[in-house]
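Welcome! Please take a moment with the sequence and the 3D view below, and then we can walk through them together.

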Amino acid sequence: MKTIKRFGVSLEEDLFKELDLLVKKHKFPNRSQAIRFLIRQNMSEEAWQENKEVSGAVVLIYDHHKRDLVNKSLSIQHEFSHIILATQHVHLDHNSCLEIIALKGKAENLKVLSDKLIALKGIKHGKLVMS
Ligand code: NI
């Protein structure tokens, strides 16, 4: 169990209202939870900016009938096997596949891999989730 530190926070009224809006919007149980969320979100953003060890996932939607797409995607993934934790493939319908590639490693490497995959011809949608 971690020690909880308490401190008073002074905020302008408009910021205070924004905080309460955030609590409502994200359904946080209280303001403390909202502030925890904001601090962690900031830590995560800085870790990605500073090329630290991070984790995330690439989500891809593609047509598996597109020539060479699957082969190209797999050979890129083998190049980056040191940062790939797991992949999950879902057949959405007759044509479309959804792939989730879980990653852990230096932020730059995750971005390079993600850019390479998303740029492949035949990818309908791709996004890197920076966690
Ligand atoms: Ni499929």
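## Starting at the beginning

Let us begin with Lys2, which lies in the segment before α1. Helices here are DSSP runs of H or I with at least four residues, strands are runs of E with at least two, and both are numbered from the N terminus. With a relative accessibility of 74%, Lys2 counts as exposed. For accessibility, buried means under 20% relative accessible area, exposed means over 50%, and partly exposed is in between, using a 1.4 Å probe and protein chains only. From C-alpha to C-alpha, Lys2 and Phe28 are 20 Å apart in space, with their positions 26 residues apart in sequence.

A word on the model itself: it is predicted, so local features need pLDDT of at least 70 and side-chain atom pairs count only at pLDDT 80 or more, while totals for chains, interfaces and linings use all residues. Residues are numbered from 1 along each chain as its sequence is written, and side-chain values use heavy atoms, with hydrogens and water left out.

## Two domains

The protein chain is divided into domain 1 (13-49) and domain 2 (53-130). These bounds come from an automatic or database domain assignment. How far apart are the C-alpha centres of domain 1 and domain 2? They lie 30 Å apart.

## The first pair of helices

Helix α1 covers residues 13-25 and helix α2 covers residues 31-49; their axes come within 9 Å and cross at roughly 90 degrees. An axis is a line fitted to C-alpha atoms, for helices over the stretch in contact, and angles run from 0 to 180 degrees between N-to-C directions. The two helices, α1 and α2, are therefore roughly perpendicular to each other. Angles of 65 to 115 degrees earn that label, while those under 35 count as roughly parallel, those over 145 as roughly antiparallel and the rest as oblique.

On the α1 side, the residues that meet α2 are Phe16, Leu19, Asp20, Leu22 and Val23, and their partners in α2 are Arg31, Ala34, Ile35 and Leu38. Contact means heavy atoms within 4.5 Å. Sorted by class, this contact of α1 with α2 has 7 nonpolar, no polar and 2 charged residues. In this scheme Ala, Val, Leu, Ile, Met, Phe, Trp, Tyr, Cys and Pro are nonpolar, Asp, Glu, Lys and Arg are charged, and the others, Gly among them, are polar.

## Two residues with positive phi

The loop between α1 and α2 is home to Lys27. Its phi is near 55 degrees, a positive value in a residue other than glycine. Lys27 is exposed, with a relative accessible area of 71%.

Asp68 sits in the loop between β1 (53-63) and α3. The phi of Asp68 is near 70 degrees, again a positive value in a residue other than glycine. At 41% relative accessibility, Asp68 is partly exposed.

## Where α3 meets α4

Which way do α3 and α4 run relative to each other? Helix α3 packs against helix α4 (residues 107-118) at an angle of about 170 degrees, with the axes 10 Å apart. That makes α3 roughly antiparallel to α4. Ser73, Ile76, Gln77 and Glu79 of α3 make the contact with Leu113, Lys116 and Leu117 of α4. By class, the residues of this contact divide into 3 nonpolar, 2 polar and 2 charged.

Two α3 residues are worth a visit. Ser73 is buried, at 6% relative accessibility, and touches Glu99, Leu117 and Leu120, not counting residues up to four places away in sequence. Ile76 is buried too, with a relative accessible area of 10%. Ile76 and Leu113 are 37 residues apart in sequence, and their C-alpha atoms are 7.6 Å apart in space.

## The nickel site

Which protein atoms hold the nickel ion as donors? They are His89 (NE2), His91 (ND1) and Cys97 (SG), lying 2.0 to 2.4 Å from the ion. Donors are N, O and S atoms within 2.8 Å of the metal (3.2 Å for Na, K and Ca); water is not among the atoms, so sites may look incomplete. Along the chain, the donors of the nickel ion follow the spacing H-x1-H-x5-C.

Is Cys97 buried or exposed? Cys97 is buried, with a relative accessible area of 0%, whereas His89 is partly exposed at 36%.
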